[in-house]
Amino acid sequence: MKAVIQKVNQANVKVDEEITGQIENGLVVLLGVTHEDDESDCEYIADKCVNLRIFQDEDDKMNLSLKDVQGSVLSISQFTLYGDTRKGRRPNFMKAAKPEPAEQLYNKFNSLVESKGIPVETGKFGAMMDVSLTNEGPVTLIIDSDDHK
């Protein structure tokens with residue numbers, strides 16, 4: 001499982017011109033699922049997202065977590081994180097999980113983040129979405145659950 005996280009001042013996602021999720025202070029999480037992923041991958045990524053110390057403290061040091069700043073998550077399913085661009089000009093998405101298991105793990109990730117006291121807003125799984133955000137910092141990180149295995 002891969003997540004691209006961006007620290008934001010504000011973000012929203014629209015599906016068919018309608019806002020389906022919106023946050024202010026927090027993280028946009030683009031989440032990709034591959035075939036071998038399971039709930040332990042969800043737990044690892046959720047824990048990292050909630051507890052990474054990437055928000056400024058009173059001394060302007062990146063020392064506070066999402067939990068510390070009472071931030072929110074805008075969670076977006078993103079199968080293209082598993083796009084392979086090594087050959088040709090069209091990405092190959094064979095490493096991305098099939099929709100049904102991917103959606104189950106995406107929903108599991110969202111429920112795990114919520115269970116840690118973090119509000120979660122979402123797009124719509126499998127839909128074409130327009131995501132708008134103001135990346136604060138900018139701070140953008142990639143988390144890969146293979147790092148915990």
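This passage describes the cores, one loop residue and the largest pocket of a predicted model. Local features rest on pLDDT of at least 70 and side-chain atom pairs on pLDDT 80 or more, while totals for chains, interfaces and linings use all residues. Residues are numbered from 1 along each chain, and side-chain values use heavy atoms, without hydrogens and water.

The largest nonpolar core (buried Ala, Val, Leu, Ile, Met, Phe, Trp, Tyr and Cys residues joined through side-chain atoms within 4.5 Å; buried means under 20% relative accessible area, with a 1.4 Å probe and protein chains only) has 28 residues, of which Leu27, Val29, Ile45 and Phe109 touch the most other members. At least two residues each come from strands S1 (2-15), S3 (26-32) and S8 (130-144) and helices H1 (39-51) and H2 (99-115); helices are DSSP runs of H or I with at least four residues, strands runs of E with at least two. Another core, of 11 residues, lies apart and includes Ala11 and Val28.

Threonine 34 sits in the loop between S3 and H1. This residue counts as buried because its relative accessibility is 11%. Its side chain reaches the backbone oxygen of lysine 95 at 2.4 Å. Beyond four places in sequence, threonine 34 is in contact (heavy atoms within 4.5 Å) with Met1, Tyr82, Lys95, Ala96 and Ala97.

The largest pocket (an open set of points on a 1 Å grid where a 1.4 Å probe fits, with protein on both sides within 12 Å along at least five of seven lines) has a volume, the space filled by probe spheres set on the points, of about 400 Å³. Of its 19 lining residues (an atom within 4 Å of a point), Ser77, Gln78, Phe79, Gly126 and Ala127 are the closest to the centre. H2 gives the largest share of the lining, three residues.

Note on methods. Buried means under 20% relative accessible area, exposed over 50%, partly exposed in between (1.4 Å probe, protein chains only). A polar contact is a pair of N or O atoms within 3.5 Å; within protein, one must be able to donate a hydrogen and the other to accept it, and residues adjacent in sequence count only if both atoms are side-chain atoms.
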